[in-house]
Amino acid sequence: MASGEGVADYEMDLVSLALRFKDPAALPGFAYLGIQMARDVEDFVATQGSASLPYLDSAWTKEPDARPDIMETWAIMVGEQRNRITAVERIQLLRRLLQAADSEQMGFDDAAEVLDTLTAIRAAMSPAQLHADLTDWLQAICLNATGERGHSAAR
């Protein structure tokens, strides 16, 4: 692909145009390129829920520069868009965030900041909802564990 300021402007214009249509068919392009350009794209990808996960997984593997933005998108998905993914997917995303904390510190910091902005949402949650969130985090941590904790989480 060519490089330079003109190409970057063209790519930004293309992403902006595609975002206006809010077409899920643009998910592959948004996962590889778009989420690196705008928070609005991260939000759109997150609203697509489960459908966006394969594209984010592929971009994670093939586009290391996109990892911080992918982690932010995961944070949006496990936070404000939690109803668009399954409970199992949510725990898996929490686990992936935890796994990436060491190798992708910038992305983890950005994801934590995104989750922190959801404080008002958490404040409005019932105790049962807060308990469910804590349980999800504990399950995600146990999926990373070895030994007895890891085995008990798998049961």
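This text leads through a predicted model of a single chain, from its overall make-up to its core, its salt bridges and a few individual residues.

The chain has 155 residues, and 36% of them count as buried. Its secondary structure consists of 10 helices, with zero strands. Read along the sequence, the pattern is α-α-α-α-α-α-α-α-α-α. Contacts between residues at least 6 apart in sequence can be sorted by separation, and 62% of these join residues at least 24 apart. The exposed surface of the chain comes to about 9,000 Å², of which carbon and sulfur atoms supply 55%.

The interior comes next. In soluble globular proteins, nonpolar side chains tend to be buried together. Here the largest nonpolar core has 33 residues, and the members that touch the most other members are Phe30, Leu56, Ile70, Trp74 and Met77. At least two residues of this core come from each of H1 (5-21), H2 (27-32), H3 (39-47), H4 (53-62), H5 (67-78), H6 (87-100) and H7 (105-116). Helix H5 gives the most, with seven residues. Leucine 56 can serve as an example of a core member. Neighbours within four places in sequence aside, leucine 56 is in contact with Ala31, Ile35, Val45, Ile70, Thr73, Trp74 and Met77. Three of the names in that list, Ile70, Trp74 and Met77, also appear among the core residues that touch the most other members.

Charged side chains are the next topic. Side chains of opposite charge can pair when their charged atoms come close. The structure holds four salt bridges. One of them joins aspartate 43 to arginine 39, with the closest N and O atoms 3.0 Å apart. Both residues lie in helix H3, four residues apart, which is about one turn of the helix. An α-helix has 3.6 residues a turn, so residues three or four places apart point the same way. Aspartate 43 counts as partly exposed because its relative accessibility is 24%, and arginine 39, at 35%, is also partly exposed.

Another salt bridge brings together the side chains of glutamate 104 and arginine 67, at 3.5 Å from N to O. This pair links distant parts of the chain, since glutamate 104 is in the loop between H6 and H7 and arginine 67 is in helix H5, 37 residues apart. Glutamate 104 has a relative accessible area of 16% and therefore counts as buried.

A further salt bridge, at 2.4 Å from N to O, joins the side chains of arginine 90 and aspartate 136. Arginine 90 is in helix H6 and aspartate 136 in helix H9 (residues 127-144), so the pair also links distant parts of the chain, 46 residues apart. Both arginine 90 and aspartate 136 are buried.

Helix H6 itself has 14 residues and reaches 20 Å from its first C-alpha to its last, close to the 20 Å expected at 1.5 Å a residue. Its buried residues are Glu89, Arg90, Ile91, Leu93, Leu94, Leu97 and Ala100.

The loops and helix ends supply some further details. In the loop between H1 and H2 is lysine 22. The phi angle of lysine 22 is near 50 degrees, a positive value in a residue other than glycine.

Serine 52 lies in the loop between H3 and H4. Its relative accessible area is 1%, so serine 52 counts as buried. Which backbone oxygen does the side chain of serine 52 reach at 3.2 Å? It is the backbone oxygen of valine 45. A polar atom of the serine 52 side chain also lies 2.7 Å from the backbone oxygen of glycine 49. Not counting residues up to four places away in sequence, serine 52 touches Leu27, Val45 and Met77. Of these, Met77 is one of the core residues that touch the most other members.

Tyrosine 32 is found in helix H2. With 24% relative accessibility, tyrosine 32 counts as partly exposed, because the cut-off for buried is under 20%. Tyrosine 32 and alanine 59 are 27 residues apart in sequence, yet their C-alpha atoms are 5.3 Å apart in space. Residues up to four places away in sequence aside, tyrosine 32 touches Ser58, Ala59, Lys62 and Glu63. With serine 58 there is also a polar contact, which joins the two side chains at 2.2 Å.

Notes: Residues are numbered from 1 along each chain as its sequence is written. This is a predicted model: local features need pLDDT of at least 70, side-chain atom pairs count only at pLDDT 80 or more; totals for chains, interfaces and linings use all residues. Side-chain values use heavy atoms; hydrogens and water are left out. A nonpolar core is a set of buried Ala, Val, Leu, Ile, Met, Phe, Trp, Tyr and Cys residues joined through side-chain atoms within 4.5 Å. Buried means under 20% relative accessible area, exposed over 50%, partly exposed in between (1.4 Å probe, protein chains only). Contact means heavy atoms within 4.5 Å. The expected span of a helix is 1.5 Å times one less than its number of residues. Accessible areas come from the Shrake-Rupley method with a 1.4 Å probe; for residues, only the protein chains shown count as cover. A polar contact is a pair of N or O atoms within 3.5 Å; within protein, one must be able to donate a hydrogen and the other to accept it, and residues adjacent in sequence count only if both atoms are side-chain atoms.
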